[in-house]
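Biologist: I'm new to this one, so could you take me through the place where the two chains meet? Please keep it to that part and spell out the terms as you go.

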Amino acid sequence: MEDIDAIAVLQDPVRRRLYEYVVAQGREVGRNEAAEAAGVARTLAAHHLERLTEAGLLVSGSRRLTGRSGPGAGRPAKVYTRARGERSVSLPARDYRTAAELLAQAAEEAGLDAGLCAAARRRGEALRGSAAPCGDLDEARRILAARGYEPYAEEAADGPRAADERAIEGPGAVTDGQAVAGRAGTVVRMRNCPFHAVAERFPPLVCGMNLALLEGLLGTGGPVSARMDPRPGECCVVVEASKNNEH
Amino acid sequence: MTSTAPSAPHAHLAQLNVATLRYPFDDPRIAPFAEMLDPVNAAADRAPGFVWRLVEDGAADATGLRPAGEDVIVNLTVWESREALWDFTYRSGHLEVMRRRREWFERHVEAHLVLWWVPAGHRPGVGEALERLAELRAHGPSPRAFTFASSFTAAEAAAHRAGEAPSRQPG
């Protein structure tokens, strides 16, 4: 399916709500749950979820949502997550990705990391304008969401234990949707890297650029700070309350 | 065992990278890098798909070995898959080291990282690793020596070996 046709599938408002709900969860979502979130009947939700899958915007699988397995665990239910591929349309046709990759390659070969990061930091500051540094994690989430990072809050236990707990509970167990300001141990993570395709080809260069951009955007020396804490499948940066924020 | 079966469980991915130090290893300007070595190596050791890394006898890492020159440190590791290596290299605390690489290392004009498939259980020596790097530098990416940006599967490497093999097998 052409990108423009796939994107057109999102024109239907119910389909769009279902898509946005599934994407925002960052995990597999069942039909019942999606129907409830979108406020439509299960059969209608199932129809639209299948259309989204046919268009390549979602991928479907099956899972026993009860968490049980073996005889008596019930039939597997159909679940949906966002497809990994990207869709974009430019009218008239433009190709900024190739330009970005060529520029990144040249910057990488010339070792221009420092200059690129300086430019990114200035751009972030310019985007922030005259606003004071970002005041708390809720504001950080709004700013990041507006730039497509798909932020979500996560309770961060210390050290590798946190990762183990995540693996058990799944990303659905985080505090998404709740106010997070001032909560000790909360970090804002990001499901989406707006520079994904280029970041995958030139990770240190582009991830460093991304961190510098976010430092400029959120401000440094303020109540929140960004640092690198990469994890497979997500943006490389986390935002947290600054350590020296007590006084 | 000299299995050349192309299926993934029989092949592991070896990786060598070389980095030319801008200052002597004990220079204070290198200290931030040196401080990150232990935690990052510990993260590698417990990373999914990690198989092995080169360590100097009696040391915690391979930074004391200088097979490629007095000011060149080497990092030689083996992984179960390209994805496992990629995720560790670029989606773990290791990325922070990479992000700051220009502070500590000279820019390399030639390739400074090479990947190649080895039979599971094989521990590539430094000589073997440097040969692969030389091959990549001389001929560009091939199934024998490649990079993340232009990688080959274990099956492609096995097919490539099979294609070379007949001349090497006397009766």
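How many residue pairs are in polar contact between chain B and chain A?

Modeller: A word on the ground rules before the count. This is a predicted model, where local features need pLDDT of at least 70 and side-chain atom pairs count only at pLDDT 80 or more, while totals for chains, interfaces and linings use all residues. Residues are numbered from 1 along each chain as its sequence is written, chains are lettered from A and ligands numbered from 1 in the order in which they are written, and side-chain values use heavy atoms, with hydrogens and water left out.

Now the count: six residue pairs are in polar contact between chain B and chain A, both partners at pLDDT 80 or more. A polar contact here is a pair of N or O atoms within 3.5 Å; within protein, one must be able to donate a hydrogen and the other to accept it, and residues adjacent in sequence count only if both atoms are side-chain atoms. On the side of chain B that touches chain A, the elements giving two or more residues are helix 2 (82–90), helix 3 (94–99) and helix 4 (101–104) of chain B; helices are DSSP runs of H or I, at least four residues, numbered from the N terminus. Helix 3 of chain B gives the most to that side, with four residues. Sorted by class, the side of chain B that touches chain A holds four nonpolar, one polar and eight charged residues, with Asp, Glu, Lys and Arg counting as charged.

On to the charges: there are four salt bridges between chain B and chain A, each meaning a side-chain nitrogen of Lys or Arg within 4 Å of a carboxyl oxygen of Asp or Glu. One of them joins Asp113(A) to Arg102(B), whose closest N and O atoms are 2.6 Å apart.

Stepping back to the whole patch, 19 residues of chain A and 13 residues of chain B take part in the contact, which means they have heavy atoms within 4.5 Å. Together, chain B and chain A bury about 1,500 Å², and 59% of that is on carbon and sulfur atoms. Buried area is the accessible area (1.4 Å probe) that two parts lose on being put together, summed over both.
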